[in-house]
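This report covers the cysteines of the model and one of its pockets.

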Amino acid sequence: MSSGWHWFVIAGTVGSLVIFLWLLFANRKISGNETTGHEADGIEELDNPLPMWWVGMFVISILFSFGYLIYYPGLGNFEGTGGWSSAKQLAAEDDRHEARFAPLYANLAQQDVAALHQDRLAQQVGRRLFVNNCATCHGSTAQGSPGFPNLTDSEWIWGRSFEDVKHTLTFGRVAAMAPWGPALGDQGVADVTQTVLRMAGKDHDPAAAERGSESYRTFCVACHGVDGKGNAALGAPDLTNDIWLYGGDAATIALTIREGRMGNMPSQADMLTPEKIHILAAYVTALSKP
């Protein structure tokens, strides 16, 4: 917060409290039982001041507000004499949580993947880690959505082994599908789309697919291979099945070829300890079914 806003907030906050206190006492007057002029059913409304106990409650509330603003951060950039902040409190609570459950994580991390797959407690802990750290992208059921892989099937772009998944969680993944629209042109994109549809066993235009084969060999073979089976080392998906990260219809395939794709799986090493990554990798690999 800039210096100007810092003093604006202080002046506005403290000034408001001072004005409230002044209004409270400025309106506390003895009227001599004068009426307000309102009368109903023979009952007149007197213009009397607030009772002293009520005024005292207001004064105590305002004084409490001054004390609160001195102890806690509430006046611009002033941090408060108590040194409290939401970030510090969160960090302290995280530290207490880690200290409480560290023995459990350490014990589970000593088990191999086969044992973790059979350990009910390990799977429960792994699911909690997944929901807290992975479900935002992959969904609570791990079935993903367009652009976010389904983790419950047999298709793994970067490899499905336990060590592959641990590597993905620890270091993240970056996948780049180059935009070939400028090089292919509209007709070339349409032809290569039909070539990919033919590889996937989908309805296609045979003549267009044949025309696109040469462009496929020029621009696509290096990553997806001659047979379209992909390359896990490069994160290039298999084009011969019916599992598509962004969609397998002709329009979506053409968009991918023309515009390219940029996939990014962020590293979880800053969020999760090696023990947690070990447990989470076991949970995720247990989800995968052929």
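With a disulfide taken as a pair of cysteine sulfur atoms within 2.5 Å, the count is zero disulfides. C137 forms no such bond because its sulfur lies 8.6 Å from the closest cysteine sulfur, that of C134. C220 is likewise in no disulfide. The table gives both cysteines, with buried meaning under 20% relative accessible area, exposed over 50% and partly exposed in between (1.4 Å probe, protein chains only).

| Cysteine | Nearest cysteine sulfur | Relative accessible area |
|---|---|---|
| C137 | C134, 8.6 Å | 36%, partly exposed |
| C220 | C223, 8.5 Å | 12%, buried |

This is a predicted model, in which local features need pLDDT of at least 70 and side-chain atom pairs pLDDT 80 or more, while totals for chains, interfaces and linings use all residues. Residues are numbered from 1 along each chain as its sequence is written, and side-chain values use heavy atoms, without hydrogens and water.

The second largest pocket holds about 400 Å³ of space. A pocket is an open set of points on a 1 Å grid over the protein atoms alone, where a 1.4 Å probe fits, with protein on both sides within 12 Å along at least five of seven lines; lining residues have an atom within 4 Å of a point. This pocket is lined by 15 residues, of which H97, Y105, L129, N132 and K276 are the closest to its centre. Helices α3 (86-109) and α5 (120-133) each supply at least two lining residues, helices being DSSP runs (H or I) of at least four residues. The largest contribution, seven residues, comes from α3.

Definitions and conventions:
Grid points are joined across faces, edges and corners, and a volume is the space filled by probe spheres set on the points.
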